[in-house]
Amino acid sequence: MKKILIAVFCFLSLFSKGQVYQSMPQYGYAAHRMSFDSTLQIPTFCGVPTLKSNVLKFGAIAFDSCNNRFYFYNPKTAIWDTIKGGGSGSTDTTSLSNRINLKLNISDTSAMLTKYLRKTDTTNKFVNNIARTLGKDSIIYFIGSTRYAIKDSVGTNPAPVGYYGAFQDTINQTAAVINTGYPMKLRVNDLTNGVTIVSDSRITIANTGIYNLQWSAQFTNPLASEHDITIWLRKNGVDVPGSSGIVLVPAKHGSSDGHTLPSWNFLLSAVGGDYYEFVWSTANTSVYISYSPAGNPPPSTASVILTVTQQSGIMAGTGMTALNGLTGAVQTFTLDSTNTTFKITSSGTEHTFNIPNASASGITRGLISNTQYTTFNNKIGSGDTASMLTNYLRKTDTATLQNKILAAYSFQANKTNATANATANTFKDTSGVYSGTPTYSGTAPSGTTNHTFRFTQIGKMCTIQINLSFSAGGSPVSISMPLPSFCPTPVAPTGMGADGEILYTGVGMTWTTRAIPIGTGLNSARACWMRISSSVYQIVVFNFSASSSPFVSATLTYYTN
Amino acid sequence: MKHIRQISSSFEINHTYTVVITDNWDKPLEEHPLILNHSDIYEIADCEIPTNNNLQFEIYD
């Protein structure tokens, strides 16, 4: 057995190959090809790798384990660089340069980049978000956190375009009576924008402008003889002079009817609301405007075709779009007078100016007619000024008549220089304390006084009443009371007026107690008189009883100039 | 100014001051009949004649 085991050992020793580890050369092992069945271990570095070998002709790869990058060594450039290309797995998306590169286009220049907005450009001088909101026709932008919008012209605002219309008719049109005008009918709308057909034939222009009307009609003559037809233009129901055209419709030839398709145009200046008609008449009612159904190969033939195109004027989508809240393309003004004051009302496409007459009942303000103006104007002189008018009398000037209208105490009746009223007259009434200095014959009354007067003037007639009251009667014989200074100067009756003469008489009395006159009956009141003494007008009262007379009264009327 | 007045004369407002007119009397005021015969009513005053509203005059006939 022992011999057997030794023999096996020797046998295995002959054929087995022992594993020998040798030190690796400085530049590593060289191999033409390598094959690995699981992993490949390559050199690792922290940061950019370096070559251990001084042999620069070989490429190399290494791994930056600190920054998680692959590097390769290009022997042609002798530079270590990160691996580029070759699929996403090898693209560096971490390093700054690659991140920037992913956000930029290769054609971007630095000059272009200065125009880009950055997300952080938010402080009042950069717009950091521009977007147009669909359906709202706006560009939205922000300054900081504030939202703004710019409405653009796309969408709701129609682009400026001329008004137009295209119409045709697909029914035969005949004339019932020869040489009678029949408006051509246009009962099919092909295109319409501001131009419509009203009542089958009226080409109605909604917007003022210059329009081109181009028409054509297919006339057919089934007769063996040719006949004339005439076509002309009618505007707002009135035939337009010079617009007629006469066309000969050929006669039937063989089995084929005669046909002609006249066409011409009119360039018209239309005001919004105008309507036009193309009118035709025929010398023979057998001639008609014909519609032909589609044949082979031609399509159908319209009996009448009309196109309307705007040439100038306010195009659709331009110009004023609203007036006093109304947006109608054509709007009108009307006058009314049903309100109590000036007022404008707008409804539909009509603006109504309510201007009532000032003379109507319940009016706050309104117009005056020429007749009313003339009446009013005739009451004022051409030379009257505003300051003068304030002095005119009005019917309502009653409470302030004296202060406002008349010069003090003067009034000239009838406002004329007629003889009867040529001189101003005075109307005055005043009263107060009598401050004259009486003169007594006999013993004067004395003590506390209460002297009063009342003066009234109507025209030239003056009435003065003087009342003297004392606490002690004295025993006067007569009392002379000077006429108050404000009283107008008496005019002396003819033949009188010398110093000391009596001019006027009145009624005067003296008495002792307030309720009891002196004397009885007719003696209770006596005459008083006005005289002039040393150029002083005096009213004199006599105390016939010569008894205590604390009360004196005189009433006298005189005239002045 | 020396003058003859009623004794009841007063300088008060609303009170009479009655002066006798003596323009034509050329004798001493003391000899005036009103002083001689009616000294209970009249007296001689030597003061300014007031000019209030109740100044009044008398004529001696």
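Two strands are taken to pair if DSSP finds at least two bridges between them. That criterion matters for the contact between chain A and chain B in this predicted model. Strand 27 of chain A and strand 4 (residues 55–59) of chain B are joined by three bridges and run parallel. Because pairing requires at least two bridges, these three bridges qualify the two strands as a pair across the chains. Within this pairing, A:Thr439 has B:Phe57 of strand 4 of chain B as its bridge partner.

**The contact between the chains**

Chain A contributes 17 residues to the contact, and chain B contributes 17 residues. The area buried between chain A and chain B is about 1,300 Å², with 45% of it on carbon and sulfur atoms. On the side of chain A that touches chain B, strand 27 (439–443) and strand 28 (446–449) of chain A each provide at least two residues. Strand 27 of chain A gives the largest share of that side, namely five residues. By residue class, the side of chain A that touches chain B holds five nonpolar residues, 12 polar residues and no charged residues. Between the two chains there are zero salt bridges, whereas 12 residue pairs are in polar contact, with both residues at pLDDT 80 or more.

The two inter-strand connections for which bridge counts are available are set out below.

| Strands joined | Bridges | Direction | Residues facing each other |
|---|---|---|---|
| Strand 27 of chain A and strand 4 of chain B | three bridges | parallel | A:Thr439 and B:Phe57 |
| Strand 3 of chain A and strand 4 of chain A | four bridges | antiparallel | A:Phe72 and A:Asp81 |

**Chain B**

Chain B contains one helix and four strands. Read from the N terminus, its elements follow the order β-β-α-β-β. Of the 61 residues in chain B, 43% are buried. Among the contacts in chain B with a separation of 6 or more, 65% are between residues 24 or more positions apart.

**A sheet within chain A**

Chain A includes an open sheet of four strands, in the order 1-2-3-4 and with mixed pairing. Strand 1 (44–45) and strand 4 (79–82) of chain A lie at the edges and have a single partner strand each, so one side of each lacks a neighbour in the sheet. For strand 4 of chain A, four bridges connect it to strand 3 (residues 69–74) of chain A, and the two run antiparallel. In this pairing, A:Phe72 is located opposite A:Asp81 of strand 4 of chain A.

Key. Residues are numbered from 1 along each chain as its sequence is written. Chains are lettered from A and ligands numbered from 1 in the order in which they are written. This is a predicted model: local features need pLDDT of at least 70, side-chain atom pairs count only at pLDDT 80 or more; totals for chains, interfaces and linings use all residues. Side-chain values use heavy atoms; hydrogens and water are left out. Contact means heavy atoms within 4.5 Å. Buried area is the accessible area (1.4 Å probe) that two parts lose on being put together, summed over both. A salt bridge is a side-chain nitrogen of Lys or Arg within 4 Å of a carboxyl oxygen of Asp or Glu. A polar contact is a pair of N or O atoms within 3.5 Å; within protein, one must be able to donate a hydrogen and the other to accept it, and residues adjacent in sequence count only if both atoms are side-chain atoms. Ala, Val, Leu, Ile, Met, Phe, Trp, Tyr, Cys and Pro count as nonpolar, Asp, Glu, Lys and Arg as charged, and the others, Gly among them, as polar. Buried means under 20% relative accessible area, exposed over 50%, partly exposed in between (1.4 Å probe, protein chains only).
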